[in-house]
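Reader: Please take me through one part of this model in close detail. Keep it brisk.

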Amino acid sequence: MSKPKLFIPGPINVSQRTYAAMNQTMIGHRGKDFEELYASIQPGLREIVKTTRPVYLSTSSAWGVMEACVRNLVQKKVLTLCCGAFSDKWFSVAKSCGKEAEKIQVEWGEAIDPEVVRAKLAEGGFDLVTVVHNETSTGVMNPIEDIVKVVKEFPGVLIAVDTVSSITAVPVETEALGIDVLLAGVQKAFALPPGISVFTLSEEAVKRAETTEGRGYYFDFLEFVKNGAKNNTPSTPAISLIWGLKDKVDEILEEGLEKRYARHETLNQMVKDWGAKYGFENFAPEGCQSKTLVTFANNLDIDVPAFIKAVRNKHNFLINGGYGKVKGSTFRISNMGDETVESMKELFAALDDVLPDFL
Ligand SMILES: *Cc1c(COP(=O)(O)O)cnc(C)c1O
């Protein structure tokens, strides 16, 4: 059977254009060709993540950089804002790195309340806050502007923001807000194959790293800063993916950021409308719903794994049957990346064909 087209929220479908861009004769990474490649991506990437500062390339999935935030930036104690699988895990990763950590935990399906963050930080003793902008497990999009503004009221507290499933699809004002680290793996909202992550560092984040011990080597922020200044990376990067990224950055800017945001909004509404037609409830409440996927509650009590399998077998599309502890009690449909009104309609036609058998 041929591989299904992915409508799961990561990794997502990769276009033929992107594969073609990646398919080039290999170059050495300590030569002019690579430096030119690296430098050529910077202006576009900075435009997309809304900063004038460098955007670094890590040869890892997002977790590499998420762990790096803890290792490079925590000298006292980190506050992790937990509202789903990815944000919850950041807490245990911090602990496993031997760092002091506390968390604000809300029920899965709820968003983080900035007022609660303010009250917690007022207790003192923290020097980093971690937050996931778009919790891909629950379909909750946190009020990132308000959260960052609250953190900025506390001098000496940095904020790291995971935008794995939001960047390029919704605007995030990295520099204007004062986000200290913005990070994203590329296999979700960027629509590239997995394997690299992009991230930014504020001046304050770099300063903090300079006095933090035990940063290690592979994810040492100062190594990225030093090599980045020479348009290079600390270790051998996934060069093919960087060719893909270069082309994707061009493609995103050809489309235009505003148009891309609007397209995601439209497609996400289509997903919501599809579910509403059957009476599926959105797992995330009104006001904090993602624009790049919908996590539906399985309030109609269908056999989620069997439904997903049937859609795959009959139409060769793959949606997701829920993540972590809400597996089976939710299911997820992604509208990230290159999807269009037409391509989403093809998915809905397939779902409409199969779903009646499960109601
Ligand atoms: C997928 C995802 C991650 C983890 O990414 P890996 O590629 O597995 O490292 C982190 N955060 C969010 C919000 C995600 O969706």
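**Around the ligand**

Author: The shell around the ligand holds six nonpolar, four polar and two charged residues. This is a predicted model, where local features need pLDDT of at least 70 and side-chain atom pairs pLDDT 80 or more, while totals for chains, interfaces and linings use all residues. Residues are numbered from 1 along each chain as its sequence is written, and side-chain values use heavy atoms, without hydrogens or water.

Now the members. A shell residue has a heavy atom within 4 Å of the ligand. The nonpolar ones are Ala62, Trp63, Met66, Phe86, Val132 and Val164. Ser61, Asn134, Thr136 and Gln187 are the polar ones. Asp162 and Lys188 are charged.

One helix stands out. Helix H3, residues 62–73, gives the most to this shell, with three residues. Helices here are DSSP runs (H or I, at least four residues), numbered from the N terminus. Ala62, Trp63 and Met66 fall within the range of helix H3.

Next come the polar contacts, pairs of N or O atoms within 3.5 Å. Ala62 uses a backbone N or O atom, 3.1 Å from a ligand oxygen. Trp63 also uses a backbone N or O atom, and that one lies 2.9 Å from an oxygen of the ligand. Asp162 uses its side chain instead: an N or O atom there is 2.5 Å from a ligand nitrogen. On its own, the ligand has 380 Å² of accessible area (Shrake-Rupley, 1.4 Å probe), and the protein covers 89% of that.

Definitions and conventions: A polar contact is a pair of N or O atoms within 3.5 Å; within protein, one must be able to donate a hydrogen and the other to accept it, and residues adjacent in sequence count only if both atoms are side-chain atoms. Helices (H or I, at least four residues) and strands (E, at least two) are DSSP runs, numbered from the N terminus.
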